Every structure is written in structure tokens, then in C-alpha cells.
Amino acid sequence: MRLSRYFLPVLKETPAEAQIVSHRLMLRAGMIKQAAAGIYSWLPLGYRVLRRVEQIVHEEQQRAGHIPLLMPTLQSADLWRESGRYDAYGEELLRIRDRHDRDMLYGPTNEEMITDIFRSHVSSYRDLPLTLYHIQWKFRDEVRPRFGVMRGREFLMKDGYNFDVDRDAAIHAYNRHMVSYLRTYERMGLQAIPMRAASGPIGGDDTHEFLVLAETGESEVFYDSAITDLRLGDRVVDFDSRDECRAIVDEWTAPYARTDETHDEAAFAERVPTERQRRSRGIEVGQIFYFGTKYSEPMGALVTNDAGERVPVHMGSHGIGVSRLLGAIIEASHDENGIIWPEGVTPFHCGIVNLRQGDAATDAACEQLYATLTARGLDPLYDDRDERAGAKFATMDLVGLPWRITVGPRGLNAGKVELTSRRTGRSEEMSLEDAVARVADIYAAA
Ligand code: ATP
Ligand code: MG
């Protein structure tokens, strides 16, 4: 993308309404624009990152064997009356009436709708296990929407639902989700710690939240620092293997890690050596639940088991806060000059800064870089505006591309361009070809 033809409305001033750094940087970098309280338009740069985050979620869900579909945002109130949640859900539920006076709602979650789909088409244990998921906009009429996309009213969520013949099979689905979530967040450059949580309006006893550590997080968290040494990395996991998934879950749930809702000071003191006790704050970026037959029983989602009996199917639901993740990633990865995108989610793979726009040799070298990077399947953002070098660097630092290639007449005379890491600030001179190869290698390994 050439910056001169792009739509990147960066702000010079720090927006006064934004209280936390991720919100400020998303506004300043021209990623989002507020449309109403807690409702945002995703401008081109923000939209690119949103799509990349979504793509990782899709890939990791499907790696675990989960099947994508798409359910609507608007739902009929009748389904919610069957589960009892139409009245129980409270003020966060946006209730709508259509022209025929039918009660509708903007879905805050989809347990009822997916259970209805299931009961319409599945009736035998032979069709199980089954996990269906979608990535769709949700609406929750939060009392206090704030912190930008972090606590919106309209937000993008991945929500998945498992259907299993009995508790053991459903617990495997739970474990499988935990493992796939760990990998999902790691690919985004995040450490999200699974913590035992309380269940809220979804219901159920077994539940973990995934928290990214950040001072601005809304949850208070208590954990054993040993958990921060764990990495899933590129371990090959057989998601069908109950033992393999359980072993990984055991590894991650052995160290103490809880939110304020479930924290037990005595257990914390007893189980965690003082020097490893950590009290801090975290951002919830996902949650998994096993809730058994809470929806299948009232809604009559039954399957025939291998003994020939009709039994309610065992379910769980599993959410990832896709749009919130952008805020969480920025909270975890920024400096005083702007965002620092992890390679896994960056909106462009690298920036090209032309130090002397209009100089024939410099322009030609930048064009060549742009073409070669593009031919290697990379997406560069080329700052081809007629601007001072300082302004170009400031824009690149603000939007946070992890790598920048700087091209100027002086370097070119020696056959060199400069490759700079946004994270470390370190620069290295090398030939144009080497710079392309280096960037390509970095992303091949990422
Ligand atoms: P919270 O406790 O933050 O209100 P929740 O526990 O009610 O969230 P879940 O039902 O677990 O939310 O939804 C799954 C995920 O969706 C959450 O882990 C979170 O990342 C995201 N999410 C929930 N509410 C919002 C919101 N208002 N804005 C943005 N993301 C949200
Ligand atoms: Mg939650």
C-alpha cells in the first residue's frame, strides 16, 4: 500500500477522552472512530488488524477440529424465553421490537440459537462430538462502555459451542479449547494466563478466563509467577487425544492463578512460595465454560446414546474477545512513540520510508523494494508522501509496524538501505536484496 493513496487519518493531538494508552493509540493511529458510546467504526488500519486477529482465531479453531458457521446478530425472543434468559439477562440485553410487534434482541451470545440448530438436525451420539463456532458482532448494553474497543457495547466475539454425549467427552472439548486458546494467543504475541473464574450469566461450574497482564486491566489477578514461564510454542498436539490435551491443561492449571472472584488468600499463601506470589491486574481476552445440560434440557436438545436412551446433550461455550484483543495487544506492546505490533497481527509486514521523495534513484529503489516485497507475498506500507524524514518516522513509529526499511540517497551511493526493528530500535545497513530476504525470513519463521 502506498501511503499517499491510503486512508490513514492519524491524529497529532492526544485525544482527551481516552483514558488508557491502547485507546489513545488506536485513535491517534487512525484505527477506529467512535460512532456512538461503545460503538466504533473500524478504519482501514484497524480493520486490517481486526481481520488478522480473526484469521488466527479461525486457523486455530479449525486446527482443533471446530467447524465455522455464521449465525445472525438479531435473534427472536422466543428462543430466549425457552431457556428463561429473556427475562433473566437484565439490562445488558438490547431488546428490540419489529414492525409486527414481535420481540427480538441483538445477540449478546448464542447458546439458545446454536442449541436450536443442533436439536433441529442432530439426534444420535454417532454425530458427536461436534463443535460449531462463529465470529460475529455481539451487543451488550454495558452500563459504562469505556476504554475504546476494550469494553464496547458492540464488539466482535468468537463464540464456539461443543456438543458431546456425556460429561467426559464434554470435558475433553473443554480441555481442547484451552489448548487451542493458548496457541491462539501465543500467535498474537500475547501471554494469556488461564485462571479459574466464576461463571456469570452463561452458567456452569467449570470455567477459566484467559487474562493478559496489564496495569489497566479491569480484573484483579493473583498468580504463581511460575506460570509465566510456560510456552506452548509449536508443539504438535493431537486434538483428538484426551490424554494429550489433559496433560497440557494440567501443566497450565497446576500453578495457582485466579481472578478476584475466585481468589482464596489462604490457598495462595499455602501453595505459592512468597517470592513467586504475584498480585496484579489483567484484561480478560477469553473464557471457556462447561455447563452440561443447562440449555439442552429446557430446550429439548436430546441425543440417543449407545444404550439407546434419549439424553440431553452435554455442552460448553467458549468465547474469545476478538475486538478487545486489539486493545489488549496494544496495552501489552507499545512505547512512548506508539504501537509495536507483534509480527503475527501487524497490519503491514514492514514500512518503507523514502528519505528523498522525488529523487529519481531513491524513488526507483523504493519502487523496486515495494515490488520485490510484494512479489514475495509481503504487504509493505510505503511512505511515498512528500514529507520530512522526521514526520515519516513519527508516523511509522505510531502505527507500529515491526520492521522499517529506510531508503536515502547517501545509503544508496554505498549500495545500502537500512533495516530497523521497531521493538529494539536497532538498525542495520545492508543491500536492498538482503533487506527483502531478511524480512521474508522473519515472517516465514513467525
Ligand atoms: P466481562 O467480564 O469483561 O464483562 P464477560 O465475562 O461478560 O466479559 P464473556 O461472556 O466471557 O464476557 O465473553 C467472551 C469474551 O468477549 C470475553 O472474554 C471478552 O474478551 C469479550 N467481551 C465481553 N464483553 C465485552 C465488551 N463489552 N467489549 C469487548 N469485548 C468483550
Ligand atoms: Mg467472561
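The exercises below deal with ligand 1, the pockets, the cavity and two backbone features of a predicted model. Local features need pLDDT of at least 70, side-chain atom pairs count only at pLDDT 80 or more, totals for chains, interfaces and linings use all residues, and side-chain values use heavy atoms, with hydrogens and water left out. Residues are numbered from 1 along each chain as its sequence is written, while chains are lettered from A and ligands numbered from 1 in the order in which they are written.

**Exercise 1. Describe the shell around ligand 1 and its polar contacts.**

Step 1. A residue is near a molecule if one of its heavy atoms lies within 4 Å of it. There are 14 residues around ligand 1, and R140, E142, R151, G152 and E284 come nearest.

Step 2. Sort the shell by class (Ala, Val, Leu, Ile, Met, Phe, Trp, Tyr, Cys and Pro nonpolar; Asp, Glu, Lys and Arg charged; the others, Gly among them, polar). The result is five nonpolar, four polar and five charged residues.

Step 3. Assign the shell to helices (H or I, at least four residues) and strands (E, at least two), which are DSSP runs numbered from the N terminus. β8 (154-164) and β13 (277-292) each supply at least two residues, and the largest share, four residues, comes from β13.

Step 4. Look for polar contacts, here pairs of N or O atoms within 3.5 Å. The side chain of R140 has an N or O atom 3.0 Å from an oxygen atom of ligand 1. Two contacts involve the backbone and a nitrogen atom of ligand 1: one at 2.8 Å from an N or O atom of G152, and one at 3.5 Å from a polar atom of M150. The protein covers 85% of the 580 Å² of accessible area that ligand 1 has on its own (Shrake-Rupley method, 1.4 Å probe).

**Exercise 2. Locate ligand 1 among the pockets and compare the linings.**

Step 1. On a 1 Å grid over the protein atoms alone, a pocket is an open set of points with protein on both sides within 12 Å along at least five of seven lines; a cavity is a set where a 1.4 Å probe fits but cannot get out; lining residues have an atom within 4 Å of a point. Ligand 1 sits in the largest pocket, the test being that more than half of its atoms lie within 2 Å of the grid points.

Step 2. The largest pocket holds about 890 Å³ of space. Among its 40 lining residues, R140, E209, E284, Q287 and R324 are the closest to the centre. β13 gives the most to this lining, with seven residues.

Step 3. The second largest pocket has a volume of about 430 Å³. Its lining has 18 residues, with E186, R187, G344, A445 and A446 nearest the centre. Here α2 gives the most, four residues.

**Exercise 3. Which residues line the largest cavity?**

Step 1. The count is one cavity of 30 Å³ or more, and the largest has a volume of about 40 Å³.

Step 2. Y40, W42, W137, V149, G152, E154 and S323 form the lining.

**Exercise 4. Place the cis peptide bond and the positive phi.**

Step 1. Most residues other than glycine have a negative phi, and most peptide bonds are trans.

Step 2. The bond from L128 to P129 is cis, with omega near 0 degrees; P129 is in the loop between α5 (111-121) and β7 (130-139).

Step 3. D101, not a glycine, has a positive phi of about 65 degrees and lies in the loop between β5 (94-97) and β6 (103-106).

Note on methods. A polar contact is a pair of N or O atoms within 3.5 Å; within protein, one must be able to donate a hydrogen and the other to accept it, and residues adjacent in sequence count only if both atoms are side-chain atoms. Grid points are joined across faces, edges and corners, and a volume is the space filled by probe spheres set on the points.
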